[in-house]
Amino acid sequence: MIKRSPSRVLRRLTLQGRFALLAALAVSVAVVGAAVISYFLVSGQLYRQIDSQLLGGPNSVSQPHGGPGGPYGGAPSGTSTGSRGSGTTSADTGNPFPGSTSSTASQKYVSCTSKTSNSTDNTAGVIDPVIGRTGAFSIAKSDGSICVVTSQFSYEYALGSTATATQIAVADRKEGPQLYDAYTTDGVHVRAYTVYAGEKGYSYTTVIDLTDTDSSLHSLAIGLCFAALAGVILAAAAGFLVARSALRPVRRLTKAAEYVAATDDLSVQLPVDGADELSRLGKAFNRMTKSLAGSRERQQRLIADAGHELRTPLTSLRANVDLLLRSRRTGRALPPGREEAMLLSVDQQLHELSGLVTDLLELSRNAEGGLRRTMRVPLHESVGRAVERAKLRGPGLEFDVAIEPWFVEGDPTSLDRAVVNLLDNAVKFSPAGGTVTVRLNKGAYTVRDHGPGIDPADLPRVFERFYRSDSARQLPGSGLGLAIVAQVAEDAGGSIKLEPASGGGTIARLALPGDPGTGEGLGRGAGNGVEKPRERPAIGNKIRDDQTSDRM
């Protein structure tokens, strides 16, 4: 037989089923607990009332059977108090027995044995049936003999044909007054109170019938059981309804996720209102689908733009190669200088393709998440190398350069590429004999040219991938340079901005956080490229951080 643990069974239930079950269990425990407590409180109260009558002596117990003092008159020799089953009272002796106060216990015993039931002149009352019916008084001797005294309105309750061990012990004064439950010879459940009779060898016992009390408690127990069962059923129903209502947003989210998985439609947005955890989950789902939709759109646009950019050089390259191959196969020589010009064109197109692929790889590498290796990079050295390279590409240009030391944390290859791209744009758009101004001051890398400038309508899109303005379409380039610069600036915690310059041209400003390397820097080894691991923010890290904070 296979045994299944409760936790495994719970895991097989739906989330709504688990919530409903747990809520029903919690309320059921409260209802059952309240029922049990109520039963014991009522039971205790009834028994305290019965014990109070027993401990009150003849004025409270025997009075209904003959008025004050019982059928023989008299009063107890002392007042006693106690509690259920305590076995102790405030007095050693009492006179709960009917009889004259001048009569001794032995005399009462003799009178009892000679007059077993001759008190026909007594009037009797009736005790509340919930508390019980008053039974007989009895007197016991230490030798075990016992006599039960009853009237015509009472019942005979004999605890046995001889005195019980408790009655004998109290008669011999080995024990004090005793309150206890007992059963008569007829099997009736009674409550008995035994007290010393004031004479050595004798004890009095008062008995109250518990039949009505037990019946009342039994009815109460049955009623409480039905009430508890009804409470459990209502708790289960309420738990189901509450769980169903509380998990409605989760069901909506589940259906939306299943729909997205089945249709690949990322335009789904959940209606969200409120500020609780489920609302936050819905908002996070909406942000996720929106982000995925944007990522897919950018990916599709990147593929389309890359295909478009690759088509032109590949077509030209294929045409030139086909023409050269046809010339060789047919043996027809090309006009003088034509073959060399075609080879130079092929070389230029291959360089364009190589640059385009390099730019694409750079963008892809910068967009990767997770753990990245960064270094303390001397930005001023990167700018210096970029200026020397730009001088070679623009031999007719003037360069106004002012560079101050500045160290940043980042990927050295990416930073070099960003610095070079800004200078290459300035060289490409500068007129012959123009001046390119380069500044690096407190982390602000500024490049200005005196070219045609940027149309204000193009400014919002200059950092998009493959975007090229109308004036730049005839110039070499892939349209990825500024997109790479923007990505590098974002990864390094900086910013990039392009704006028209007064007097013509364009100013590009790349601001990167760092230090001048005077001792308060980001690390030791200034200028030496000290390697340091840095983890880029990623969704996996955020989830792990949230899980850790929840456990704390």
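A salt bridge is taken here as a side-chain nitrogen of Lys or Arg within 4 Å of a carboxyl oxygen of Asp or Glu, and the side chains of Asp416 and Arg385 meet in such a salt bridge, at 3.4 Å from N to O. The structure is a predicted model, in which local features need pLDDT of at least 70 and side-chain atom pairs count only at pLDDT 80 or more, while totals for chains, interfaces and linings use all residues. Residues are numbered from 1 along each chain as its sequence is written, and side-chain values use heavy atoms, with hydrogens and water left out.

The predictor's confidence in each residue is given as pLDDT, on a scale from 0 to 100. For the protein chain the mean pLDDT is 74, and 72% of the residues reach 70 or more. Over residues 58-100 the pLDDT stays under 50, and the model has 123 contacts for this stretch beyond four places in sequence, a contact being heavy atoms within 4.5 Å. Residues 519-552 also have pLDDT below 50, with 52 contacts in the model beyond near neighbours in sequence. Where pLDDT is low, the predicted coordinates should not be read in detail.

Helices (H or I, at least four residues) and strands (E, at least two) are DSSP runs numbered from the N terminus, and two strands pair if DSSP finds at least two bridges between them. Strand 3 (residues 178-183) and strand 4 (residues 189-196) pair in the antiparallel sense over six bridges; Tyr180 has Ala192, in strand 4, as its bridge partner. Five residues lie between the strands of this hairpin, in which Gly187 takes a positive phi near 85°.

In total, the structure holds 14 salt bridges. The pair of Asp416 and Arg385 links distant parts of the chain, with Asp416 in helix 10 (residues 412-429) and Arg385 in helix 9 (residues 379-393), 31 residues apart. Residues are called buried under 20% relative accessible area, exposed over 50% and partly exposed in between (1.4 Å probe, protein chains only); by these limits Asp416, at 26%, is partly exposed, as is Arg385, at 47%.

A further salt bridge joins the side chains of Asp424 and Arg393, at 2.9 Å from N to O. Because Asp424 lies in helix 10 and Arg393 in helix 9, this pair ties together parts that are 31 residues apart in sequence. Asp424 is buried, with a relative accessible area of 15%, whereas Arg393 counts as exposed at 51%. When residues up to four places away in sequence are not counted, Asp424 touches Arg389 and Arg393.

Between strands, Glu499 forms a salt bridge with Arg509, in which the closest N and O atoms are 2.0 Å apart. Glu499 lies in strand 11 (residues 495-500) and Arg509 in strand 12 (residues 506-511), so that the pair ties together parts that are 10 residues apart in sequence. Both partners fall in the partly exposed class, Glu499 with a relative accessible area of 22% and Arg509 with 38%. Elsewhere, Asp51, Asp181 and Arg191 are joined into one network by salt bridges that share partners.

On the surface, Leu13, Leu21, Leu22 and Leu25 make a nonpolar patch of about 320 Å². Patches are made of residues with over 30% relative accessible area and no salt bridge, like charges being joined within 9 Å and nonpolar side chains (Val, Leu, Ile, Met, Phe, Trp, Tyr) within 5 Å. Accessible areas come from the Shrake-Rupley method with a 1.4 Å probe, and for residues only the protein chains shown count as cover. Leu22, one of the patch residues, lies in helix 2 (residues 15-55) and is partly exposed, with a relative accessible area of 47%.
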